[in-house]
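Me: Let's go through this structure by question and answer. Please keep the replies brisk.

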Amino acid sequence: MSKLSSLPASPMSGNALTEYSVDAWQRWVLFLDVMRRRGEQYEEHAARSAPHVLDYEAELILDGRTLKEPVNYALVRIIPPADCAIDPVKRPFIVVDPRAGHGPGIGGFKADSEIGVAMKAGHACYFVGFLPEPMPGQTIEKVLHAEAQFLEIVMSRHPEADGKPCVIGNCQAGWAVMMLAALRPELFGPIIIAGSPLAYWAGVRGQNPMRYSGGLLGGSWLTALVSDLGAGKFDGAWLVQNFENQNPANTLWTKQYNLYAKVDTEAERYLGFERWWGGHVTLTADEMQFIVDDLFVGNKLAAGEIRTSDGMAIDLRTIRSPIVVFCSKGDNITPPQQALDWILDIYDSVDEIRALGQTIVYVVHESVGHLGIFVSAGVARKEHDEFASNIDLIDVLPPGLYEAVLEPKADALDHPELVTGEWIMRCEARTLDDIRALGGNDLDDEKRFAAAAQLSEVNLALYRAFAQPWVRAAVTPSSAETMRRLHPLRLGYEIFGPSNPFLDWVPQAAERVRADRRPTWTDNPFSALQEQVSGQIVEGLESWRKMTERLAEQTFGAIYGSSALQAALGVDPKSNLPPRKAPKSKLINALVEARTAALKERISVGGLLEALVRSLLFVGMARGGADERGFQAIRVLRRGHRDARQLNLSEFKALVRDQYYILLVDEAAALAAIPAMLPNELEQRQAALQSLRGVLEASGALTEAAAERFAYVTELFSLDKGRVGVKPTPMAVRPAARSRGAVRSRL
């Protein structure tokens, strides 16, 4: 490395071609050697009984193959490094890796990872991974049952933890975690879903072409065919191939060229990533068919149309835990619309989110790609680090929709000592219009995708009736294994592996090259020409990608935008209603009515702690959000208040939510009740008010509406207890009393 960096620049000379030729040949030999090592690494990784790419030692807790309904998943405890001190009071983290063609471990790929930042923040960590081969008869529902048992075990191992486990679901694992949280909400603390496509139809025209693939291929019949050719197993290499096809410039050129051009410094990073990228796994036919039919093509999860084997509907509105959605504008696999538009499918307004007691926090990265969400060190040190450090803040946020905004700690003018990391996380209140502003489908787009889903069902039924019996009869286990071995992605590794006798000369040649490495001068004109040619190749492949994507979108729109085809498939082309929308229930309205009545009965119930929390929320509402400095101040307040110390985090969270709802039900009555909840001693009230001021000003000085509200709270706290029966002067800015209907809409 030092030899390369110390090379002086050289002016153009007659020896430039010779120097470049020697360097190019040496780089080619070293490139072949890296590719040979990649092939060896691939075969060694595949030969392991439980291959993974975790950068940590792990202890097996439960092997899913031993369960009553066996699956190829397992729960392991991550053994923390010596420099990580685990706090037994902090909630454990569980990272669930995606089974989308690759093997497990991407969530703990290196020190700066989801697992790494969680342990650094003092949380015990567990990992849910899987083996390359599924168990016979394995289904997505059985996997969910196994993961429920994993969560029960983790909870039992941490009875002293101040909160239920935080579960991170990456990509494919994200929608699986959400399904389980809807079925078993009592098992979950906060949920973080990273790069997870919950609304697969969604996207922006001209930008997200992968969503058209199912319709252009005629639906999921092809999935059934591939599974039948695999003797009941779907080869995950085909899923990886789909990812590769999204960026032909990188797949066919850039990835390999970057290694060739920087072979002296790039080899280890390249091999480390390829160890995971080449670890292909298989799924059962039932698992893959469910994924394609119900999620990718059918888009049924957000619409509440998926049912378990016992008939229970999976309704994401039943999730009680805070949900953190992490996505990126640079992600062409799961763009922000696919990660967030399930919220639009389920809810009509933020008021409805509040009514159901849900808290949803989202953060949209500006540029990182799909894999960067999980493996980028920069993302781990920023977004994932902040989630891990402030997960309790997210857990006690009042119900609603928020965007997590991260700002450098250096910009904090007020109380930077309350910031735990290098960034300040602030959760700002948002509305559904903020999600719509990111772009998405219109009604015509929704009808096109609905027609594609209907045609998929027709084609799948035809395949199963007329072709499937013949295909299954013709396929044998040995022929299926041969087809898997001959997959182009696997061949790409094996061709350069140790079984290729034409590469026997490479190791010795590479050793000689490394002993006499002669890289070219930095200003060699032929090196510049090489870069120029590479740029033209990338530009050509990018042009090809854009052309094919544009053609795919136009073809999809022309076929499925046909009114005649839509009508023939049962999609009303004249309807003004979305073809996929989660159904509403009058029972929810009745529950809101009952909850409102119960809360009204509790308006005057409580003491100083309830009064403090109610006042804090009343003033905080004017700010439209909260940041970690305020929450750290609340921690101090909680430790200093006797009644608060007796509550665990879940109980404190319930207290905060109750007081928040009481303010929504009848703000005027809730504020008027505060003086009677305060102690008689003026000194105690003033001390409590001072503590309240400290919490509110931790995030900055109170201004405008927040300052006015705090002035009003000050009046409430300073009232003479002999004048309890005298109502405080109403705030001029407070709206008039709300009708019953208005209260319900705010809830």
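Reply: A salt bridge here is a side-chain nitrogen of Lys or Arg within 4 Å of a carboxyl oxygen of Asp or Glu. This is a predicted model, so local features need pLDDT of at least 70, side-chain atom pairs count only at pLDDT 80 or more, and totals for chains, interfaces and linings use all residues. Residues are numbered from 1 along each chain as its sequence is written, and side-chain values use heavy atoms, with hydrogens and water left out.

Me: By this rule, how many salt bridges does the count come to?
Reply: Side chains of opposite charge can pair when their charged atoms come close. Applying the rule gives a count of salt bridges equal to 37.

Me: How many residues apart in sequence are the parts that Asp-442 and Arg-205 tie together?
Reply: Asp-442 and Arg-205 form a salt bridge, with 3.2 Å between the closest N and O atoms. Helices (H or I, at least four residues) and strands (E, at least two) are DSSP runs, numbered from the N terminus. Asp-442 sits in the loop between α18 (432-436) and α19 (443-466), and Arg-205 in the loop between β6 (191-194) and α6 (213-216), so the parts tied together are apart in sequence by 237 residues.

Me: Is Arg-317 buried or exposed?
Reply: Its salt-bridge partner is Asp-315, at 3.1 Å between the closest N and O atoms. Buried means under 20% relative accessible area, exposed over 50%, and partly exposed in between (1.4 Å probe, protein chains only). Asp-315 is partly exposed, with a relative accessible area of 22%. Arg-317 has 7% relative accessibility, so the class is buried.

Me: Which side chain meets Glu-428 in a salt bridge?
Reply: The N to O distance of this pair is 2.8 Å. The partner counts as buried, at 18% relative accessibility. The side chain is that of Arg-430.

Me: Which residues form the nonpolar patch on the surface, and which helix gives the most to the patch?
Reply: Patches are made of residues with over 30% relative accessible area and no salt bridge; like charges are joined within 9 Å, nonpolar side chains (Val, Leu, Ile, Met, Phe, Trp, Tyr) within 5 Å. Accessible areas come from the Shrake-Rupley method with a 1.4 Å probe, and for residues only the protein chains shown count as cover. The members are Leu-17, Phe-526, Leu-529, Val-533 and Ile-537, with about 380 Å² of accessible area together. Four residues come from the helix that gives the most, α24 (residues 525-560).

Me: What percentage of the chain do buried residues make up?
Reply: The chain has 747 residues. There are 35 helices and 13 strands. The accessible surface comes to about 32,300 Å², with 57% belonging to carbon and sulfur atoms. The buried share of residues is 53%.

Me: Which helix gives the most to the largest nonpolar core?
Reply: A nonpolar core is a set of buried Ala, Val, Leu, Ile, Met, Phe, Trp, Tyr and Cys residues joined through side-chain atoms within 4.5 Å. The largest has 84 residues, and Trp-175, Trp-342 and Ile-343 touch the most other members. Nine residues of this core come from helix α5 (residues 172-183).

Me: Which residues does Ile-168 touch, not counting residues up to four places away in sequence?
Reply: Ile-168 lies in strand β5 (residues 166-170) and counts as buried, at 2% relative accessibility. Asp-97 is 71 residues away in sequence and 8.4 Å away in space, C-alpha to C-alpha. Contact means heavy atoms within 4.5 Å. With that sequence exclusion, Ile-168 touches Phe-93, Ile-94, Val-95, Val-96, Glu-114 and Ile-192.

Me: How far from Cys-84 is the nearest cysteine sulfur?
Reply: A disulfide is a pair of cysteine sulfur atoms within 2.5 Å. The count by this rule is zero. Cys-84 is buried, at 19% relative accessibility. The nearest cysteine sulfur is that of Cys-125, and the distance is 8.7 Å.

Me: Where is Cys-171, and what is its phi?
Reply: Cys-171 is buried, with a relative accessible area of 8%. Its place is in the loop between β5 and α5. Although Cys-171 is not a glycine, its phi is positive, at about 50 degrees.
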